[in-house]
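Welcome! Here is a short tour for anyone opening this structure for the first time. Take a moment to look it over, and then read on.

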Amino acid sequence: MHKIAANAIDWKAVRQDFPILGEQAHGHPLIYFDSAATSQKPRAVIDALRNFYEHDNANVHRGLHTLSSRATEAYEKARQRVADYIGAASAEEIVFTRGTTESINLVAQTWGGKFISEGDVILLTVMEHHSNLVPWQLLAERTGARLRFVPVRDDGTLELEKLSSLLTPEVKLFAFTYISNSLGTINPVAELCEKAHSIGALTLVDAAQSIGHLPFNVRELGCDLLAFSGHKMCGPTGIGVLYGRAELLDSMPPWHGGGEMIVSVTLEKSTFKKTPHRFEGGTPNIAGAIGLAAAIDYIEGIGRPAIFEHDSQLARYAAERLTELPGTRILGPSGERGALVGFVMDAAHPHDLTTFADQYGLAMRGGHHCNQPLMRRFGVSGTTRASFYFYNTTEEIDRMIEILHAAVRFFS
Amino acid sequence: MFRFAQCDNRVRGAFVFMIPEIEELYQEVILDHSRRPRNFGELPDAAVRVHGDNPACGDEIHLAVKFDAGGGLEDIKFSGHGCAISQASASLMTMKLKGKSRAEVMKMLRAFHDLVTEGTSEAPKALGDLRVMQGVRKFPQRVKCAMLAWRAVEQALEQGVGEATVSTELA
């Protein structure tokens, strides 16, 4: 069924929706293989931002004038759009943040500050992005809690057989990524949530790499909290989301104090709004939220099943073709993978490779990808990563392979 | 002006032209030093050892220096791993600095930094072979790679004895 969906779409025409794909780099047509870092933006999103600033711009929830009403309505409609997109029970479960990192820090500081104390354990995995590791390290330092990690197998999957011994009653939260940003591993989220819940732990899913690629529903996954960024799913930078089950968010104390998040303020004390507004102190990223809603509309216009089918085909094709290159090691699972492939080559360091490739208009990322512990786990200082989105083509991957062949000859 | 990279015959239509900027950055001397770094290894009687790292990319250098009676660099060796630029820079640096006085090293360090960062200045003749690193100036993201070994030697001079660490990022 998914195959039909992917084949029914004119992917070449979809490319025309992205003005930036007409750019050149060093005199070559741009090949953008860095969408795992940030995706490009379709005209529809760029237009939504422009429209907002040209026609509706005002602050939200405070002015009684026409523009403020329009801005407030658009902002709250965006919240509902996000709720529908991820299958949340209501818009009240959607908190707008700056991105995945801020969403996770919000949880670590508010929920963690209230509910975590010495002796408690936060369970993570070795494949977490620094944004789902460092906030917990800071919390552990503050509270005396401990961190524990699910190891990663050589094939890039989690050692699930270790889970039952790691999930002891001290574990209060299991926070893990949906798709690894370095390995492409797609974790079995529903299964992980179920196991964590069976011992009474809460779950937080880092959905940064899956939100624009995979169809999913938070209630089917069974997660308690979920974080993602808008800019990796065709949306603007500076807008992201924390999803939380309503009663869980309600139990968390406010975070940033200021305007917008209060009910009443005296010189001595304040009372706070309900969720989600109690977590949105200060003027929010109004245009960002509206741009995110436009990105969701755009993605849903294509359909996530078709996008996933297309992207994972590209990733599998790239992984397969990379094996043609001498002295090349591909990280991550051999079968199904997310829309990226990380690799190391004997011939050249990732930074030399990416500098070389850039001269041919090919944008890849070289380095540790905010995954230093994972790099150490695999005995490398960094990798070269090619990451894809639905606007990429197999012809671009063929070109990448040609450029990498040239790099091997040049550096060997 | 252009030359073909010798591409694998299995690749269809593989005309990947070599690009002048790439050849300027990765000059033959640099590739040679990155493949076969000189003064690479241990220095058992070193007075000072500096561990340098570039956390942005994971490159590491272990620099060992032995001083002569006048405080000059009697011997210098390095080990570690990193990109072609950082390895070649370290290799070329050790060749250049061996036998130099402190003052000469510091002068050389400043001249080298200018070489890889300033767009206009003429490369001083005193830098000799190091001038092959001039191509780095067109690649600002790679300046830290070229400077890693030099930051380590600067730290070695400052420290004088024992062990030290240095990073391209300020902690």
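Two strands are said to pair if DSSP finds at least two bridges between them. Keep in mind as you read that this is a predicted model.

Let us begin with one such pair in chain B. Strand β1(B), residues 48-54, and β4(B) run in the parallel sense and are joined over six bridges. Within this pairing, Val48(B) sits opposite Gly162(B) of β4(B).

These strands belong to something wider: an open sheet of four strands in chain B, in the order β3-β2-β1-β4, with mixed pairing. Why do β3(B) and β4(B) each have one side without a neighbour in the sheet? Both stand at the edges with a single partner strand, so one side of each is left free of a neighbour in the sheet. From one strand to the next, the twist averages 20 degrees.

A helix joins the picture too. Helix α5(B), residues 143-159, packs on the sheet and touches β1, β2, β3 and β4 of chain B. The direction of α5(B) makes about 150 degrees with that of β1(B).

Now for the place where the two chains meet. The contact takes 20 residues from chain A and 23 residues from chain B. On the chain A side, α13 (350-358) and α15 (394-411) each supply at least two residues, and α15(A) gives the most, with eight residues. The make-up of the side of chain A that touches chain B looks like this:

| Residue kind, chain A side | Number |
|---|---|
| Nonpolar | seven residues |
| Polar | nine residues |
| Charged | four residues |

Definitions and conventions: Residues numbered from 1 in each chain as written. Chains lettered and ligands numbered in written order. Predicted model: local features only at pLDDT ≥ 70, side-chain atom pairs only at ≥ 80, totals over all residues. Axes fitted to C-alpha atoms, helices over the stretch in contact; angles between N-to-C directions. Contact = placed C-beta atoms within 7 Å. Nonpolar A, V, L, I, M, F, W, Y, C, P; charged D, E, K, R; others polar.
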